[in-house]
Amino acid sequence: MDPIFLALSLYKKRCFEECVSTCTELLDKNPFDQAVWVLKMKALTEQLYVDDLEAEEEGIAEAFMDNETIAESARPGTSLKNPGTSQGGSTQGYRPWTQTGRPVSGVIRPGTQTARPGTMEQALRTPRTSKTARPSTSQSARTIRLGTASMLSEPGGPFIQLSRINLGNYAAKPALAKPLFLYILYHENNIRHALQLAVLATQACEFKDWWWKVQLGKCYYSLGLMREAEQQFRSALRQHQCIETFLRLGRVYIRLDQPLSALDVCRTGLEYFPKEVTLLTEIARIFEGLNNMTMSVKYYREIVTEDSTNVEAIACIGMHHFYTDQPEMALRFYRRLLQMGLYNAELFNNLGLCCFYAQQYDMTLSCFQHALSLAKDDDVADIWYNIGLIAIGVGDTRLAGQCLRLAISSDSGHAPAYNNLGVLELRKGRMNEARAFFQAAASLAPYLFEPYFNHSALSHKIGDLQASYIVIQKALEAYPNHIPSQELLHTLEKHFTII
Amino acid sequence: MTSLRNLEYEQLWLNAHTDTRAAVYTFSSCITLADLNADGDFKLIVADLGTGSTNVKLKVYKGTSLHSETALLDVPTGVVSFYMDFSEPRMPAIAVASGSNIYIYKNMRPYFKFSLPSMDVNPLEKDLWMQVREEQIEVGVLMELLNNLRLEIGFAQLSTQSQHLLAQDPTTVPSFVQQYCKVPIKRQTVVTCVTTLKKALADEKAVSCLVVGTESGEILVLDPEAFTILEKIKLCHQESSTLIVPAVLSAFGLHAVEFRIVAACRDGSLRLARRGWTESKLLVQLPAQPVAMTVSPENASITIALMNQTLQCFSKKGKLQWVVTLPAAACALCPIPLPHQSTTLVAVSLNGGLLQLYNGRQLVDVIKAPQSVSGLVFGKFGQEENALIMFTVDGSLLVKILKRTAHFNLQGGSTSANVVPGVAQQIKLQIPKKTRLFLDQTMRERDNCVMMHRTFQRDLFQLRVDVARACVQALQSCNNPISLEGAEPVKLSAQVLGLGPLFKMVITLQNISASTLIQDIGILFHFDDKMYSMEKPFIKVPILLPGVEYPYETMIRNISELALSDQIRVMVVREGQTQPVLAAIINMPVCDLLGMV
């Protein structure tokens, strides 16, 4: 068989490693065979290609050293930074918040973890385990590790020596320039060189190729030059409408914290590509970020009518139903996920909770036992915590205490478990232990209002009004509309001002 | 709507001067404006209370610059300017009340010191000190008898010397007695507040008397030339023993004709004194402690800011006129007379830096300061008629000038007052409808209730067994950051800080028992030495007191070449015991290889 044909066939079958080795052999014989060179480059790129739209994550440095911010305190409902301000959104009262200060979402995406915390210290203090840590910048080692092999040394030196290559030569040849660009961007992750090539290539094709403009925009975006990226994407969209370009332009606006403009862009995209699922997903996510769950769920529903196996949409709708007091509806959505073949601890955990609250008691505990048997190290704590909730619901406080302790022993930073343990201790009348647990919960998770409120109520009960007053203010900082906290503060203020 | 209003507000005032590094820490009572050199250029005289490390000073600002500084001996309670005599040129004197003295400065030079008259000392107390001096009784006996005397007449009725002695540490008592028994004992009171009252003429530059409130519950009116006590008004009744101490004073009228002095007292009462009275009359008992007060010269109504976040107004008879709830706690208050609009506004500074201007109960203007304003005064400053001088809690000085053309909208009714009734009833509660699915499921539950209950109970028993097994396993592997019942009452929590490869781990230990002490324990780290190197693999823990959180820190370096992360086990161990007391697993973060790239 012709070795070039073999290599092509291997590439089509996605056997990239074999393809690369075949190409290497061919190149050893004839180093100037451009077709093989391009094929090897493409195979190497494909090996390491990641969907950078989905895997994108905003780093700590981007969130803090943000020089694009226009308003320090944006108007309610126009910024992703303070989701609590939107009107009609869900509150912590009935939908718990994650450690980044956002309502829990149906699925975990990089975006759901990148809420912008108030202070640098808070950002650095969020438990940074291998699954939850944020990178310090979006150009940090993690993306490089995700996207490139350049960290590991290759035998016989790298395939292409970027510093030696004359980019001007390649820029004029579109057939070579495009794969070379993708190789530099995804395999080498060298944005500077990629940008250089893109600039030369755009000039070579006299600014007529929209593809190069999108790539230029991509480079500017990863370098943090948002306004330049916006310009490139807009210019590309004038020439040719493409879903990816709409999404990328939307991302630029999200990074600029202008979610309403991002929504506009996605809606314009929908005019060209009606009912396009990726655009609808983007819109639903932005609404979720703005804490406008009703609109978000509306778009997720549209997605489900188009693509009835979309896991993200089904999970998000299910979660929404669960927290709007319709566990029986949530149960139906999660059952659908189970039928689709999803089989993991999180799903069984959610099914168990739905069954319990929808009063289908016979299924509840078996779901949790499935969940426990499937659970990996990092979610077993949550499952124990939820079993603890069931035990509290059943009225077995001893079992509840044991479950909560198990939750803490598998994750020593599980703040809600500490809080609930504190409440159990309080019921037993052991004030000192209860206070220690509340303090622990509050120091682990300053975004939760419950430990503060409980601590304050406890202090108020034993007559330590000063401590109660200090702590209740923190509770109100975490959740300003919590009525019992407001009432407690009011009582305390009366105590203090009365003569 | 709101932003428009704000713009309108801003236009009324000009920013004349802002000095964020003035470092003057003061209150409204210690600020005054006076034409010190009789040249029509009004100076700002302010007593700087300092930060505790700096000295107390009397500062004079001429325009925007500091003109002179005079050191003060003690912390002042009030600074006022007044005209003492008719001599030309008409230069006002400055009175600084501090301790039991009032220092009078003229032309910024010390001129006179007036001491409050000393009060009668209890004869028994005098006798006791005399006996100690003549060594007739022991120091211990003196202490005991003084203590008895204290119980009998109250601590406040004792002399300063005895008060100090009773507050002494037992070891220093003999030396204290040795030092002070030779000194004649005195009982002296302290000035709490000071203000001025025109003597015979209502002219702007007429001679004024000083009105002084004292800690002994009296108001004294002093003659400006001879410094004799013209009036002495007791705030409390003769028969009742509790002291009523004035906190804020306000006086108006003419001493020779008719005057009224309003005193807001520390027990929350508002009291009135008039010419010829020897005792004050209770006007009203306030619902909370007073912060600051002003009395309108037109109708003698009293506007007072209270500690319960309200601004209240009383008529001259003590009848409550209105109450305004303030958005934050009030810090200071000052009147703003506007003769061209024939009204007097009241400026209230609030905690957080907001300044609100009220005309009666109507909010007419809002000024924003960068910090809470603790000292606030309005009047002539420099050549300017209407200047508002603000000192913030962080020591900065702000001067704003009211525009000549400024016209406050006094007629516009406040919109917040006329809230449409029944708004609360119109809010719809979002209660989701019960779905058909729910009804179906309820039917299922009703039909199969016995089976469901049995399954649930069986599963629950199974779960209990599983949980108990898991608990035992956790116990055996000592995988518990909090102790179970019966063991050491210690709680452990850990936090990892840093981006890597160098991390800091903070271990917090807390003794959660009510009273038992915990000692002889240590913290041990168990980790893979190919992955991490640790500064202190073992930390010896000293004694743990109940309820206190003890943080311990150590540095951890990731020495692995691959960007991997591992777990670290933290164990709390007891000396001579093989099994750890507590243990926790810490998932270390991946380190960002930013430095390595």
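**A walk through helix pairs, hairpins and a sheet**

Let us start in chain A, where Val311(A), Ile314(A), Ala315(A), Ile317(A), Gly318(A), His321(A) and Phe322(A) of helix α17(A) meet Pro327(A), Met329(A), Ala330(A), Phe333(A), Tyr334(A), Arg336(A) and Leu337(A) of helix α18(A). Sorted by character, the residues of this contact between α17(A) and α18(A) comprise eleven nonpolar, two polar and one charged. Please keep in mind as you look that this is a predicted model.

To find the two helices, look for α17 at residues 311-323 of chain A and α18 at residues 327-339 of chain A; they pack with their axes 7 Å apart, at an angle of about 160°. Because angles over 145 degrees count as roughly antiparallel, α17(A) is roughly antiparallel to α18(A). Their crossing is left-handed.

Now step back along chain A to helix α15 (residues 277-289) and helix α16 (residues 293-306). For this pair the packing angle is about 160°, and the axes lie 7 Å apart. α15(A) and α16(A) are therefore roughly antiparallel to each other, and they cross in a left-handed sense. On the α15(A) side, the contact is made by Val277(A), Leu280(A), Thr281(A), Ile283(A), Ala284(A), Phe287(A) and Glu288(A). Facing them from α16(A) are Met293(A), Met295(A), Ser296(A), Tyr299(A), Tyr300(A), Glu302(A), Ile303(A) and Glu306(A). The residues of this contact divide into ten nonpolar, two polar and three charged.

Before leaving chain A, have a look at the loop between α19 (345-357) and α20 (361-374), where you will find Gln359(A). Most residues other than glycine have a negative phi. Gln359(A), which is not a glycine, has a positive phi of about 65°.

Over to chain B, and to its strands. As a reminder, strands of a sheet pair through backbone hydrogen bonds, either parallel or antiparallel. A good place to enter is the loop between β6 (76-82) and β7 of chain B, which holds Pro89(B). Most peptide bonds are trans. The bond from Glu88(B) to Pro89(B), however, is cis, with omega near -15°.

Beyond that loop comes strand β7 (residues 93-98) of chain B, which pairs with strand β8 (residues 101-106) of chain B in the antiparallel sense over six bridges. Within this pairing, Ala93(B) stands opposite Lys106(B) of β8(B). The two strands make a hairpin with two residues between them, and Gly99(B) in the turn has a positive phi of about 65°. β8(B) also runs antiparallel to strand β9 (residues 109-115) of chain B, joined to it by six bridges. Here Asn101(B) is placed opposite Ser115(B) in β9(B). The hairpin of β8(B) and β9(B) has two residues between the strands, and Asn107(B) takes a positive phi near 55°.

Further along chain B there is another hairpin to visit. Strand β22 (residues 330-338) and strand β23 (residues 343-350) of chain B run antiparallel and are joined by eight bridges. Cys334(B) faces Ala347(B) in β23(B). In this hairpin four residues lie between the strands, and Ser342(B) has a positive phi near 40°.

The next stop is an open sheet of four strands in chain B, with antiparallel pairing and the order β33-β31-β35-β36. Which strands stand at its edges? They are β33 (538-541) and β36 (582-587) of chain B, and since each has a single partner strand, one side of each is left without a neighbour in the sheet. Direction ignored, neighbouring strands of this sheet are turned by 20° against each other on average. The partner of the edge strand β36(B) is strand β35 (residues 567-574) of chain B, with antiparallel pairing over six bridges. One pair to pick out is Ile568(B) with its bridge partner Ile586(B) in β36(B).

Finally, how much confidence goes with what you see? Chain B has a mean pLDDT of 84, with 92% of its residues at 70 or more. In residues 1-8 of chain B the pLDDT is below 50, and the model gives this stretch zero contacts beyond near neighbours in sequence. Residues 413-422 of chain B also stay under 50, and for them the model has two contacts beyond four places in sequence. The model scores ipTM 0.78 and pTM 0.70.

Definitions and conventions
Residues are numbered from 1 along each chain as its sequence is written. Chains are lettered from A and ligands numbered from 1 in the order in which they are written. This is a predicted model: local features need pLDDT of at least 70, side-chain atom pairs count only at pLDDT 80 or more; totals for chains, interfaces and linings use all residues. Axes are lines fitted to C-alpha atoms, for helices over the stretch in contact, and angles run from 0 to 180 degrees between N-to-C directions. Angles under 35 degrees count as roughly parallel, over 145 as roughly antiparallel, 65 to 115 as roughly perpendicular and the rest as oblique. A crossing is left-handed if the near helix is turned anticlockwise from the far one by less than a right angle, and right-handed if clockwise. Two residues are in contact if their C-beta atoms, placed from the backbone, lie within 7 Å. Ala, Val, Leu, Ile, Met, Phe, Trp, Tyr, Cys and Pro count as nonpolar, Asp, Glu, Lys and Arg as charged, and the others, Gly among them, as polar. pLDDT is the predictor's confidence in each residue, from 0 to 100. Two strands pair if DSSP finds at least two bridges between them.
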